[in-house]
Amino acid sequence: MYTIRSIYHTARCGSTLLTSLLSSVNSSFAEPNWCRDFWENGNPIPELRDGSIVKFPSLTIFHHISPGPKVFLYRPLSQHLLKYKTLDKSWLTNRETNIKEYVSEDEYNGSTQLFAALWAKQVNAALSMNAYFIQSNDLFRDPKTTALKVIEYFDLSGEPDLRFAKINVKSIQINGQGDPIIYPSRSNIIEVPENHGVLETEKSMSYRLIASTVEWVESNFPELKDFTR
């Protein structure tokens with residue numbers, strides 16, 4: 001089996017940004033179309049991707065693809081739920097439908113606990129595979145230092161492409177492409193302010209439903225208390 005440097009994540013946490021920052025030191029892909037070919041049709045991952053950095057769309061489905069080093073980017077649960085609270089409702093509806101494929105009916109009570117239960121499953125899975133954990137706020141506050149840590153962990157060398165930290169990487173349609181990430185040449189790039197993407201636990205826990213859901217996870221998954229706030 002060939003080796004892929006894998007990036008897994010809890011969704012909407014900066015994984016596309018992290019993968020883009022690393023594109024200057026190694027061939028990097030964000031949820032490439034050949035991942036979907038594997039997911040839907042069982043087509044193998046192209047062998048020429050050996051050694052590449054790949055942000056996979058699902059830890060649940062792709063964790064066994066490669067024995068290579070694995071990074072897990074996540075928001076603590078309280079921040080994760082606050083991010084979901086701000087997202088487009090149609091995206092959340094589709095996400096809930098997908099999540100129900102992996103989380104049984106007795107593991108949640110409503111959408112908030114549904115998202116929390118899947119978060120718990122993902123964190124536990126990442127712990128079981130000894131992934132290298134990174135918090136999203138660390139990435140957004142200091143993208144250079146965070147990316148350099150991942151570069152070292154992946155046994156690579158070089159400097160991250162910090163141009164990506166100044167733009168909205170979702171807006172340039174990096175995800176889903178079959179070719180390695182490159183910095184776009186278009187002039188209509190959407191810029192973002194410094195610390196864009198940072199969420200605070202204090203604000204998250206000020207919402208009663210989020211606070212009660214965090215307490216529910218801490219009660220049902222006591223091994224994850226260090227990751228919830």
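This report covers aromatic pairs, cysteines and the surroundings of one histidine in a predicted model.

## Aromatic pairs

The model holds 13 aromatic pairs. One of them joins Tyr84 and Phe115 in an edge-to-face arrangement, with ring centres 4.7 Å apart and 65° between the planes. Tyr84 belongs to helix α4 (residues 77-85) and Phe115 to helix α6 (residues 111-128), so this pair ties together parts that are 31 residues apart in sequence. Tyr84 has a relative accessibility of 4% and counts as buried, because the limit for that class is under 20%. Phe115 is buried as well, at 7% relative accessible area.

A further edge-to-face pair is made by Phe164 and Tyr183, at 5.1 Å centre to centre and with 75° between the planes. Phe164 and Tyr183 both lie in the loop between α8 (143-153) and α9 (201-205), and the pair links parts of the chain 19 residues apart. The two rings fall into separate accessibility classes: Phe164 is buried, with a relative accessible area of 0%, whereas Tyr183 is partly exposed at 24%.

## A charge over a ring and a cluster

Tyr183 has a second partner besides Phe164. Arg163 lies over the face of the Tyr183 ring, at 4.1 Å from the ring centre.

Elsewhere, Phe72, Tyr74, Phe133 and Phe227 make up one aromatic cluster. Phe72 appears again below, among the residues that His9 touches.

## Cysteines

How many disulfides does the model contain? The count is 0. A disulfide is a covalent bond between the sulfur atoms of two cysteines. Cys13 is buried, with a relative accessibility of 1%. Cys35 is also buried, with a relative accessible area of 1%.

## Surroundings of His9

His9 is located in strand β1 (residues 5-9). Is His9 buried or exposed? His9 is buried, with a relative accessible area of 8%.

Two backbone atoms lie within reach of the His9 side chain. The backbone nitrogen of Ala11 is reached at 3.2 Å, and the backbone oxygen of Phe56 lies 2.8 Å from a polar atom of the side chain. Leaving aside residues up to four places away in sequence, His9 touches Ser15, Glu31, Lys55, Phe56, Pro57, Phe72, Leu73 and Gln122. Phe56 therefore figures twice around His9, as a contact residue and through its backbone oxygen, which falls within the 3.5 Å limit for a polar contact.

Methods. Residues numbered from 1 in each chain as written. Predicted model: local features only at pLDDT ≥ 70, side-chain atom pairs only at ≥ 80, totals over all residues. Heavy atoms only, no water. Phe/Tyr/Trp six-rings, centres within 6.5 Å; stacked < 30°, edge-to-face > 60°. Helix = DSSP H or I, 4+ residues; strand = E, 2+ residues; numbered from the N terminus. Buried < 20%, exposed > 50% of the residue type's maximum accessible area, 1.4 Å probe, protein only. Lys NZ or Arg CZ within 6 Å of the ring centre and 35° of its normal. Disulfide = S-S within 2.5 Å. Polar contact = N/O pair within 3.5 Å; in protein donor to acceptor, adjacent residues only side chain to side chain. Contact = heavy atoms within 4.5 Å.
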